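Work through these exercises with the structure open beside you. Try each task before you read its solution.

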Amino acid sequence: MFKRIVLLTATCVLIGATAWAQTQITTGVIQGQVFDQTEAVLPGVTVDVRHVETNLTRMLVTNEEGRFAALALQPGNYVVTFTLSGFATLIQDGIVLTVGQAIDL
């Protein structure tokens, strides 16, 4: 009886470990910090992250340190647009995100 319990426990552990090992990363991250020309951080900047192929857009706003992070993005080509009243709009295109990558802007 004891051998059966040990065998059953070992089997459950192995099955669980196999399932855990099959987990894969399928997304990436575009993140960064926004500064003005004097290198002062810019909070409140609207950051639009658009996937070119699907046209899906994620809108973010920079925090008090000027930071933003668009998490769990599908791989592909992106255009990122930064807008803030009183400042010129900045568009960064040609951003290619791959699986597991974190791009800093």
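**Exercise 1. Take stock of the chain.**
State what share of the chain's residues count as buried, then describe its surface and its order of elements.

*Solution.*
Step 1. The chain has 105 residues, and 24% of them count as buried. Keep in mind that this is a predicted model.
Step 2. Turn to the surface. The chain exposes about 7,400 Å². Carbon and sulfur atoms supply 61% of that area.
Step 3. Count the elements: 1 helix and 7 strands. Read from the N terminus, their order is α-β-β-β-β-β-β-β.
Step 4. Look at how contacts span the sequence. Take those between residues at least 6 apart; 53% of them join residues at least 24 apart.

**Exercise 2. Find the centre of the nonpolar core.**
Which residues of the largest nonpolar core touch the most other members, and which strands each supply at least two of its residues?

*Solution.*
Step 1. The largest nonpolar core holds 16 residues. I30, V47 and V49 touch the most other members.
Step 2. Four strands each supply at least two residues of this core: β2 (46-51), β4 (67-73), β5 (76-83) and β6 (90-97).
Step 3. Now take V49 alone. Set aside its neighbours within four places in sequence. V49 is then in contact with I30, L56, T57, R58, L60, A70, L73, Y78, V79 and V80.

**Exercise 3. Follow β5 and its partners.**
Work out how covered β5 is and in which sense β5 pairs with β2 and with β6.

*Solution.*
Step 1. Check the cover. In β5, 6 of the 8 residues are buried, so the strand is mostly covered.
Step 2. Go to β2. β2 and β5 pair in the antiparallel sense over 6 bridges. For one position, the bridge partner of H51 in β5 is Y78.
Step 3. Go to β6. β5 and β6 also pair in the antiparallel sense, over 6 bridges. Here F82 has L90 as its bridge partner in β6.
Step 4. Inspect the connection. β5 and β6 form a hairpin with 6 residues between them. G86 sits in the turn and has a positive phi of about 90°.

**Exercise 4. Classify the aromatic pair.**
Decide whether the rings of F68 and F82 are stacked or edge-to-face.

*Solution.*
Step 1. Know what to look at. A pair of aromatic rings is described by the distance of the centres and the angle of the planes.
Step 2. Count the pairs. There is 1 aromatic pair.
Step 3. Apply the cut-off. The ring centres of F68 and F82 are 5.7 Å apart and the planes stand at 70°. Planes over 60 degrees apart count as edge-to-face, so this pair is edge-to-face.
Step 4. Place the two residues. F68 is in strand β4 and F82 in strand β5, 14 residues apart, so the pair links distant parts of the chain.
Step 5. Check burial. F68 has 6% relative accessibility and counts as buried. F82 is buried as well, with a relative accessible area of 9%.
Step 6. List what surrounds F68. Beyond four places in sequence, its contacts include I30, V47, L60, T62, F82 and L105. L105 is 37 residues away from F68 in sequence, yet the C-alpha atoms are 9.6 Å apart in space.

**Exercise 5. Examine a loop threonine.**
Is T62 buried or exposed, and which backbone nitrogens does its side chain reach?

*Solution.*
Step 1. Locate T62 in the loop between β3 (57-61) and β4.
Step 2. Test it against the cut-off. T62 has 5% relative accessibility, and buried means under 20%, so T62 counts as buried.
Step 3. Trace the side chain. It reaches the backbone nitrogen of G44 at 3.0 Å. It also reaches the backbone nitrogen of V45, at 2.9 Å.
Step 4. Add the other contacts. Not counting residues up to four places away in sequence, T62 touches V34, L42, P43, G44, V45, V47, R67 and F68.

**Exercise 6. Look at positive phi in two loops.**
Where do E39 and N55 lie, and what are their phi values?

*Solution.*
Step 1. E39 lies in the loop between β1 (28-33) and β2. Its phi is near 70°, a positive value in a residue other than glycine.
Step 2. Check the accessibility of E39. The value is 65%, so E39 counts as exposed.
Step 3. N55 lies in the loop between β2 and β3. Phi of N55 is near 65°, again positive in a residue other than glycine.

Methods. Residues numbered from 1 in each chain as written. Predicted model: local features only at pLDDT ≥ 70, side-chain atom pairs only at ≥ 80, totals over all residues. Heavy atoms only, no water. Core = buried A, V, L, I, M, F, W, Y, C linked by side-chain atoms within 4.5 Å. Buried < 20%, exposed > 50% of the residue type's maximum accessible area, 1.4 Å probe, protein only. Contact = heavy atoms within 4.5 Å. Areas by Shrake-Rupley, 256 points an atom, 1.4 Å probe, with all protein chains shown as cover. Polar contact = N/O pair within 3.5 Å; in protein donor to acceptor, adjacent residues only side chain to side chain. Phe/Tyr/Trp six-rings, centres within 6.5 Å; stacked < 30°, edge-to-face > 60°. Pairing = 2+ DSSP bridges.
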